Amino acid sequence: MKNNYNKLLNLLKNSIVPATGCTEPVAVAYAVARASEELAGKDPISIEVQVDSNIYKNGLMVTIPGTRERGLLAAAAFGFLFGRTERGLRVIEGLRKKDIQKARDLLARNKISVTLNPDFQGIHIEVLLTAESDKVRVITRGSHLNIISVEKTDRYGEFKSNPTAALMDNTVPKESIREYSLADFFEFSNKIAISELGFLNEGVQMNLAIAKEGMKIGSGVGQALVKLVREGLISDNMVTYAQILCAAASEARMGGSSLPVMSTAGSGNHGITAFLTNCAVAEKQNLSNDQLLRSLALTNLITLFIKSYTGTLSAMCGCGVAAGIGASAGVVYLL
């Protein structure tokens with residue numbers, strides 16, 4: 001097993017990344033931004049986006065970070081105008097007031113359409129960006145940033161290839177984690193040098209910061225739970241504290257906070273569940289940071305393992321069927 005420590009460590013590092021905003025609108029913004037890069041700022045005649053059912057339902061009413069704009073149409077507009085693909089899941093971070101107005105103006109021109117394609121399975125986004133003389137097709141499959149094809153032709157040309165036939169998901173190495181057992185994950189988390197897990201501290205601090213911001217939402221679930229604790233109606237224990245942190249962070253994130261979260265397995269809310277549940281237990285039980293980091297390693301490995309079977313998006317909320325199970329294992333480890 002020792003020879004595989006580096007492999008598991010790389011799996012963790014590749015799957016735990018910062019993200020700003022809900023990852024489904026971000027995935028649309030990323031694909032549109034990639035198409036926009038090909039046209040180098042040319043004015044669009046149309047931006048046509050087709051998505052699968054999960055991308056559609058998850059992104060339909062989510063607020064874009066730093067704005068009051070919601071949904072996939074807005075995500076496409078921001079991606080076209082201001083997206084920078086080198087930022088990954090933070091592709092449309094740092095929007096200013098004048099940027100928001102420019103996106104509103106583009107949306108008002110009715111050049112963007114987003115439709116649900118019932119034939120798309122799993123994560124599937126297709127963007128067709130048409131300008132006066134050129135058009136570009138970008139296809140994302142398998143995971144949020146996994147662009148499998150970028151094709152450019154003249155406006156009336158045909159796209160020749162069939163890239164969906166050669167699907168390859170290079171973002172999350174789903175299959176390789178299945179080589180390991182729960183015992184392997186436990187051994188790794190218990191024995192890996194603690195210095196190798198230091199990168200997880202960034203996730204702790206990042207997700208605690210957005211939870212703190214979420215506590216400012218007066219009508220939020222986090223604040224409601226705090227009020228119930230103060231009134232003596234529910235206990236001030238590690239269970240309640242975990243609920244408070246996770247609710248506050250998720251509400252801030254889905255409500256348009258410009259703060260990033262540390263995601264896991266392609267989901268910001270998975271990252272919130274995984275990190276903050278363990279943080280709450282470690283704080284309430286006065287456990288060391290080393291113990292917390294080891295529990296987070298175990299939590300995230302189990303989450304990734306489950307997601308390798310359910311897919312990046314699942315019919316049941318992955319915070320319950322994946323990150324919740326991973327977090328439960330991390331809590332057992334801590335206790």
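How many nonpolar, polar and charged residues does the lining of the largest pocket have? The legends below concern a predicted model, and the first of them answers this question.

**Figure 1. The largest pocket of the predicted model and its lining.** By class, the lining has 7 nonpolar, 9 polar and 4 charged residues. The volume of this pocket is about 280 Å³. Of the 20 lining residues, Glu24, Asn58, Leu313, Cys317 and Gly318 are the closest to the pocket centre. Two or more lining residues come from each of the elements α2 (23-39), α3 (53-59), α9, α10 and α12 (318-334). Helix α10 provides the largest share, 3 residues.

**Figure 2. The largest nonpolar core.** This core contains 43 residues, and those with the most contacts inside it are Phe185, Phe188, Leu197, Leu200, Phe275 and Leu276. The elements that contribute two or more residues are α1 (5-15), α6 (182-191), α7 (200-214), α9 (238-254), β7 (261-264), α10 (268-284) and α11 (289-310). The largest share, 9 residues, belongs to α11. A second core, separate from this one, has 40 residues, including Ala27, Val91, Ile112 and Leu313. As a general background, nonpolar side chains tend to be buried together in soluble globular proteins.

**Figure 3. Aromatic pairs, with Phe186 and Tyr333 as one example.** The model holds 5 aromatic pairs. The rings of Phe186 and Tyr333 meet in an edge-to-face arrangement, with 6.0 Å from centre to centre and 70° between the planes. Because Phe186 belongs to helix α6 and Tyr333 to helix α12, this pair ties together parts that lie 147 residues apart in sequence. Phe186 has a relative accessible area of 41% and is therefore partly exposed. Elsewhere, ring pairs join Tyr180, Phe185, Phe305 and Tyr309 into a cluster.

**Figure 4. Charged ends placed over aromatic rings.** Arg178 has its charged end over the ring of Tyr309, at 4.0 Å from the ring centre. Lys284 likewise has its charged end over a ring, that of Tyr241, at 5.3 Å from the centre. Tyr309, the partner of Arg178, is also a member of the ring cluster with Tyr180, Phe185 and Phe305.

**Figure 5. Ile244 and Val150 with residues that approach them in space.** Ile244 is part of helix α9. Its relative accessible area is 10%, so Ile244 is buried, the limit being under 20%. Along the chain, 18 residues separate Ile244 from Val226, while their C-alpha atoms are 7.2 Å apart. Val150 is part of strand β6 (residues 147-154). With a relative accessible area of 32%, Val150 is partly exposed. Val150 and Arg137 are 13 residues apart in sequence, and the distance between their C-alpha atoms is 5.8 Å.

**Figure 6. Two residues with a positive phi, Asn110 and Ala265.** Most residues other than glycine have a negative phi. Asn110, which is not a glycine, has a positive phi of about 55°. Asn110 is located in the loop that runs between α5 (97-108) and β3 (112-116). Ala265 also has a positive phi, near 55°, and is located in the loop between β7 and α10. Which of these residues is buried and which is exposed? Asn110 is exposed, because its relative accessible area of 67% is over 50%. Ala265 counts as buried, because its relative accessibility of 4% is under 20%.

Definitions and conventions. Residues are numbered from 1 along each chain as its sequence is written. This is a predicted model: local features need pLDDT of at least 70, side-chain atom pairs count only at pLDDT 80 or more; totals for chains, interfaces and linings use all residues. Side-chain values use heavy atoms; hydrogens and water are left out. A nonpolar core is a set of buried Ala, Val, Leu, Ile, Met, Phe, Trp, Tyr and Cys residues joined through side-chain atoms within 4.5 Å. Buried means under 20% relative accessible area, exposed over 50%, partly exposed in between (1.4 Å probe, protein chains only). Helices (H or I, at least four residues) and strands (E, at least two) are DSSP runs, numbered from the N terminus. On a 1 Å grid over the protein atoms alone, a cavity is a set of points where a 1.4 Å probe fits but cannot get out, and a pocket is an open set with protein on both sides within 12 Å along at least five of seven lines; lining residues have an atom within 4 Å of a point. Grid points are joined across faces, edges and corners, and a volume is the space filled by probe spheres set on the points. Ala, Val, Leu, Ile, Met, Phe, Trp, Tyr, Cys and Pro count as nonpolar, Asp, Glu, Lys and Arg as charged, and the others, Gly among them, as polar. Rings of Phe, Tyr and Trp (its six-membered ring) pair if their centres lie within 6.5 Å; planes under 30 degrees apart count as stacked, over 60 as edge-to-face and the rest as tilted. A charge sits over a ring if NZ of Lys or CZ of Arg is within 6 Å of the ring centre and within 35 degrees of the ring normal.
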